[in-house]
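Student: Could you take me through one part of this protein up close? I'd like to hear about the sheet and what packs around it.

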Amino acid sequence: MKWKGRRQSSNVEDRRGMSGGKMMKGGGIIGIVIAIIYMFMSGEANPEMLNNINQQLQQNVTTTEQADTELSAHDIEMGDFVKTVLADTEDVWNKVFREQGITYEEPKLVLFRNSVQTACGGASSASGPFYCPADKKVYMDLAFFDELQSKFGAKGGDFAIAYVIAHEVGHHVQTLLGTSGEVRKMQSQMSKTEANKLSVALELQADFYAGLWVHYNEEMNGVLEDGDIEEALSAAYAVGDDAIQKRMQGHVVPDSFTHGTSAQRMYWFKKGLQSGNIQQGNTFEEL
């Protein structure tokens, strides 16, 4: 992705060098698998879920306090990249919302290491990227992407990060449009299996919004390079319900899907990318 020298967002809070964080030790693949399934399948964080996931992680890890750390040149460069991607999401969604006659409220994005406190509760770095609707912030430890590549077979690359940021911002869009609130209300009156289907639709719509962002961003800024779309699709494939379940337990349980299969995730990302039309992102019609 062509990003250097371009506008950076002022809505990024970089907490990576702050003291008070904790290093998680001993959790390994157990922690990251639980976290990826939780965050990438539930989409939005809430206090009860974050507390539950942290309790599970704490059974497998110990923690040590961390002091302030100086950011490396690579850390600074990655922070600049995230700021540029977030700026691009701001430009695109401000445009899309204007076209719909409404105002876009820009979210904050928090970069952290090891652990973070949010309006949805505390979370560790093993939680992976997530969106908290209570404070309308995206939270991200960039170490997640090393795990995504090494443990789950994604290609890696900067556009895999851009895709995940766009997906989480997609959850913010759903919050602003009232979609998330309606879904949660409906889920409270359903069986777990039926509620899971709505979760799948919600997550696939966030993938559609990520693709839509790429469509508009390319029209506006022409930033794509060879291999970028493949990197995004590889990340989408890696966090499909079926791909994760096959890797974890050797078989899949479709009724437990809450985020969509690898094929569905890639399909909806590509539909957003190719259509450039927000009206075509009604994933709930295909339940």
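**The sheet and its surroundings**

Tutor: Sure, and keep in mind that this is a predicted model. Residues 24 or more positions apart make up 78% of the chain's contacts with a separation of 6 or more. The whole protein chain has 10 helices and 8 strands, and four of those strands build the part you asked about: an open sheet in the order β1-β4-β8-β7, with mixed pairing. β1 (12-14) and β7 (130-132) sit at the edges with a single partner strand each, so one side of each has no neighbour in the sheet. Going from one strand to the next, the twist averages 25°.

Look at the β1 end. β1 pairs with β4 in the parallel sense, over 3 bridges, and Val12 stands opposite Leu109 of β4. A helix packs here too: α3 touches β1 and β4, and its direction makes about 165° with that of β4. Another helix, α5, lies across β4, β7 and β8, running at about 25° to β7.

Now for the nonpolar packing. The largest nonpolar core has 57 residues, and Trp93, Leu148, Trp213 and Phe269 touch the most other members. Elements that each supply at least two residues to this core include α3 (73-99), β4 (108-111), β8 (137-140) and α5 (158-177). α5 gives the largest share, 10 residues. Apart from that core lies another one, of 8 residues, with Val110, Cys120, Phe130 and Cys132 among them.

Finally, have a look at Trp213: leaving out residues up to four places away in sequence, Trp213 touches Val85, Asp88, Thr89, Val92, Trp93, Phe159, Ala162 and Ala166.

Terms used. Residues numbered from 1 in each chain as written. Predicted model: local features only at pLDDT ≥ 70, side-chain atom pairs only at ≥ 80, totals over all residues. Heavy atoms only, no water. Helix = DSSP H or I, 4+ residues; strand = E, 2+ residues; numbered from the N terminus. Contact = heavy atoms within 4.5 Å. Core = buried A, V, L, I, M, F, W, Y, C linked by side-chain atoms within 4.5 Å. Buried < 20%, exposed > 50% of the residue type's maximum accessible area, 1.4 Å probe, protein only. Pairing = 2+ DSSP bridges. Axes fitted to C-alpha atoms, helices over the stretch in contact; angles between N-to-C directions.
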